[in-house]
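These notebook entries record what I looked up in one structure. I took the topics one after another and wrote down what I found.

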Amino acid sequence: ESMQELYEPFVGKLNPSADIEALRKREVVEGVVDKTISRLIYGADKSVVGEFRGDTILVRDIIVKYIMRGVLRYDASCEGFTIQGLEDDVEYEYPISNGRHVKLYGRADRIDQRADGSLQIIDYKSGNVPHLEFNGIDGLFHGLAHERVSNIFQTLLYSMMLHRSRRVESMPTLYFASKMLGEDYSPNIVDKSSGEVVERYTAIAKDFECELSNVLEELFD
C-alpha cells in the first residue's frame, strides 16, 4: 500500500530513477507509512501516529527501513524503465481440451516496462527468507513441499498471462525487501537444476505451460 502511494505519481514516466532517489527522505517515507497504517489498522482517514503502540511502532520502523534502504535504493540505481502499472489486474482465459477455457486471475503489485519493450512483473515480499531459487519446472509442480515454491509459481503464472494477453516478453522478479538492503541483491529467479537465471519467461514457457495444462486438465476432468 505504501509503495503504491509513493510510486503513483511516476506511473508512465520514463526512467524515474532521479525522482525515486528524491523520495529517499525519512520524513517522506514515514509520512506515507504512517498514513497507511492509520488507514489499514486504525480505520482512520488521516495519520494517527500518536496512537501507535508497541509492535505497531516496531513494524512501522522496519517497513520504513525496508522501503528507504531496500526498494527505493535499488530502484534508484536502475536505468531504462517505466512504471506501467501498480496493483494491476492480470488475467487470461487459458485454453484446455474440448474447446474449454479456464479463467486465471491475479493482481500484480507492479508492472514495469523495460527499455527493450519487455514487461517486468514485480511482486513485493516481506519474508526474512528469500525464495528466489527453484529446482526446475518439474520440481515446481511435482517436487517435495519445499520445492513447490508458491512465490515463484505466482510470478511465473503472472508472466505467462502477460506474455499471452499482451503478446510481449515478460520478466518474472521478486522484491524481498529485507534482503534488498544489501548492495548485491538481484530480484531474478534462478533455476537450480540448470543454474540458469530466468530473465525471460519464454525461456521456460514450453515446460511451464505443459505442466500447467496437465494440472488444469486434471482439475477439470
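**Entry 1: Positive phi angles**

I began with Asn98, which I located in the loop between E1 and E2. The model is a predicted one, and I kept that in mind throughout. Asn98 has a positive phi of about 60° although it is not a glycine. I noted this because most residues other than glycine have a negative phi. Is Asn98 buried or exposed? Asn98 is exposed, and its relative accessible area is 73%.

I then turned to Glu87, which is likewise not a glycine and has a positive phi of about 55°. Glu87 has its place in strand E1. With a relative accessible area of 30%, Glu87 is partly exposed.

**Entry 2: Strands E1, E2 and E3**

I next asked how many bridges join strand E1 and strand E2. E1 covers residues 81-95 and E2 covers residues 101-114, and the two pair in the antiparallel sense over 13 bridges. Phe81 stands opposite Arg114 in E2. E1 and E2 form a hairpin with 5 residues between them, and Asn98 is in the turn.

From E2 I went on to strand E3, residues 119-125. E2 and E3 run antiparallel and are joined by 4 bridges. Ile111 has Ile121 in E3 as its bridge partner. These two strands also make a hairpin, with 4 residues between the strands, in which Gly117 takes a positive phi near 90°.

**Entry 3: Gln120**

I selected Gln120, which is found in strand E3. Is Gln120 buried or exposed? Gln120 has a relative accessible area of 4% and is therefore buried, the limit being under 20%. Its side chain makes a polar contact with the side chain of Arg114, at 2.8 Å. I had already recorded Arg114 as the residue of E2 that Phe81 stands opposite.

I then listed what else touches Gln120, leaving aside its neighbours within four places in sequence. Gln120 is in contact with Arg110, Ile111, Asp112, Arg114, Met171, Thr173 and Tyr175.

**Entry 4: The open sheet**

I looked up a sheet built from other strands. In which order do its 3 strands lie? The order is E4-E6-E7, the sheet is open and the pairing is mixed. Its edge strands are E4 (133-134) and E7 (196-198), each of which pairs on one side only. Strand E6 comprises residues 189-191, and E6 and E7 pair in the antiparallel sense over 3 bridges. Ile189 stands opposite Val198 in E7.

**Entry 5: Aromatic pairs**

I counted the aromatic pairs and found that the structure holds 9. One of them is the pair of Tyr42 and Phe52, which is stacked, with 5.5 Å centre to centre and 20° between the planes. Both Tyr42 and Phe52 lie in the loop between H3 and helix H4 (54-76), so the pair ties together parts that are 10 residues apart in sequence. Tyr42 counts as partly exposed at 31% relative accessibility, whereas Phe52 counts as buried at 4%.

Tyr74 and Tyr175 form another aromatic pair, edge-to-face, with 5.6 Å centre to centre and 80° between the planes. This pair links distant parts of the chain, since Tyr74 is in helix H4 and Tyr175 is in strand E5 (residues 170-176), 101 residues apart. I checked the accessibility of each ring's residue: Tyr74 counts as buried at 16%, and Tyr175 counts as buried at 2%. Which residues form one aromatic cluster? I recorded Tyr74, Tyr124, Tyr175 and Tyr185.

**Entry 6: Helix H4**

I compared the span of H4 with what its 23 residues should give. At 1.5 Å a residue, the expected span is 33 Å, and the end C-alpha atoms are 32 Å apart, which agrees. I also noted a kink of about 35° in H4, and this kink is centred on Ile67.

**Entry 7: Leu40**

I closed with Leu40, which is found in helix H3 (residues 26-40). Leu40 is exposed because its relative accessible area is 54%, and exposed means over 50%. How far from the C-alpha atom of Arg200 is that of Leu40? The two C-alpha atoms are separated by 36 Å, and the residues are 160 residues apart along the chain.

Conventions:
Residues numbered from 1 in each chain as written. Predicted model: local features only at pLDDT ≥ 70, side-chain atom pairs only at ≥ 80, totals over all residues. Heavy atoms only, no water. Pairing = 2+ DSSP bridges. Buried < 20%, exposed > 50% of the residue type's maximum accessible area, 1.4 Å probe, protein only. Phe/Tyr/Trp six-rings, centres within 6.5 Å; stacked < 30°, edge-to-face > 60°. Polar contact = N/O pair within 3.5 Å; in protein donor to acceptor, adjacent residues only side chain to side chain. Contact = heavy atoms within 4.5 Å. Expected span 1.5 Å × (residues − 1). Bend = angle between axes of the 7 residues up to and from the residue.
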